[in-house]
Amino acid sequence: MAVLLDEEMAMSKYMLIMRGTDESNAAMMANIEELMTTTGQFIEDLVKAGVYVGAEGLDDARKGVVVDFGGEVPVVTDGPYGETKELFGGFFLVDVSSKEEAVEWAKRVPVARGAKIEVRRVPGEDEVPEIGA
């Protein structure tokens, strides 16, 4: 019983992954000043709540490369991988008590209509399988 309570009380990290569309990204860029202000306030709220771990945005996917391990040797190609309708544009990392709490924070992320926030738990070090075990 004590172990169960400890597990329930433990904080977990969740990544709130920002997934925009061409349309939502264009809308956000059209109002970049407002977006920066509301994002700054959102981060301030996360910090005040004691759940902020980190946040980063990503550069344009067209400036990246993809290393594909589908064949015998890795193949490098320019530009985004797969569909460009929904690209991973950045993330917030929070340390919260439950998935439900992470979802509540995700609902508050400042994004344009049409964007999505994917919520995924980050496993702790004790959950990673040991090599050779």
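## Strands β1, β5 and β2

In β5, Phe-91 is the bridge partner of Ile-17. This pair belongs to a predicted model, as does every other feature described in this report. The strands β1 and β5 run antiparallel and are joined by 9 bridges. β1 covers residues 12-20, and β5 covers residues 87-96.

β5 also pairs with β2, again in the antiparallel sense, and here the pairing extends over 5 bridges. One position in this pairing places Gly-57 opposite Gly-90 in β5. β5 therefore has pairings with both β1 and β2. As a general rule, the side chains of a regular strand alternate between the two faces of the sheet.

## The hairpin of β3 and β4

A further antiparallel pairing is formed by strand β3, residues 65-68, and strand β4, residues 75-78, over 4 bridges. Within this pairing, Asp-68 stands opposite Val-75 in β4. The connection from β3 to β4 is a hairpin through 6 residues.

## The loop between β2 and β3

The loop between β2 and β3 contains Asp-60. Is Asp-60 buried, partly exposed or exposed? Asp-60 is partly exposed, because its relative accessible area is 30%, and the partly exposed class lies between the limits of 20% and 50%. Asp-60 and Leu-87 are 27 residues apart along the chain, and their C-alpha atoms are separated by 9.4 Å.

## The protein as a whole

The protein has 4 helices and 6 strands. Read from the N terminus on, the order of these elements is α-β-α-α-β-β-β-β-α-β. The chain has 133 residues, of which 22% count as buried.

The accessible surface of the protein is about 9,800 Å², and carbon and sulfur atoms account for 55% of this surface. How much of the contact pattern joins residues at least 24 apart in sequence? Among contacts between residues at least 6 apart in sequence, the share that joins residues at least 24 apart is 77%.

## The largest pocket

The largest pocket has a volume of about 920 Å³. It is lined by 34 residues, and those closest to the centre of the pocket are Asn-25, Met-28, Met-29, Leu-58 and Gly-89. Several elements each supply at least two residues of this lining, namely β1, α2 (22-30), α3 (32-49), β2 (52-57) and β5. Which element gives the largest share of the lining? The largest share comes from α3, with 6 residues.

The lining of the largest pocket comprises 20 nonpolar, 7 polar and 7 charged residues.

## The second largest pocket

The second largest pocket has a volume of about 180 Å³. Its lining residues include Met-11, Ser-12 and Lys-13, together with Asp-95 and Arg-121. Val-122, Pro-123, Gly-124, Asp-126 and Glu-127 also belong to the lining of the second largest pocket. Two or more residues of this lining are given by β1 and by β6, which covers residues 116-122.

By class, the lining of the second largest pocket has 3 nonpolar, 2 polar and 5 charged residues. β1 thus appears in the linings of both the largest pocket and the second largest pocket.

Key. Residues are numbered from 1 along each chain as its sequence is written. This is a predicted model: local features need pLDDT of at least 70, side-chain atom pairs count only at pLDDT 80 or more; totals for chains, interfaces and linings use all residues. Side-chain values use heavy atoms; hydrogens and water are left out. On a 1 Å grid over the protein atoms alone, a cavity is a set of points where a 1.4 Å probe fits but cannot get out, and a pocket is an open set with protein on both sides within 12 Å along at least five of seven lines; lining residues have an atom within 4 Å of a point. Grid points are joined across faces, edges and corners, and a volume is the space filled by probe spheres set on the points. Ala, Val, Leu, Ile, Met, Phe, Trp, Tyr, Cys and Pro count as nonpolar, Asp, Glu, Lys and Arg as charged, and the others, Gly among them, as polar. Two strands pair if DSSP finds at least two bridges between them. Buried means under 20% relative accessible area, exposed over 50%, partly exposed in between (1.4 Å probe, protein chains only). Contact means heavy atoms within 4.5 Å. Accessible areas come from the Shrake-Rupley method with a 1.4 Å probe; for residues, only the protein chains shown count as cover.
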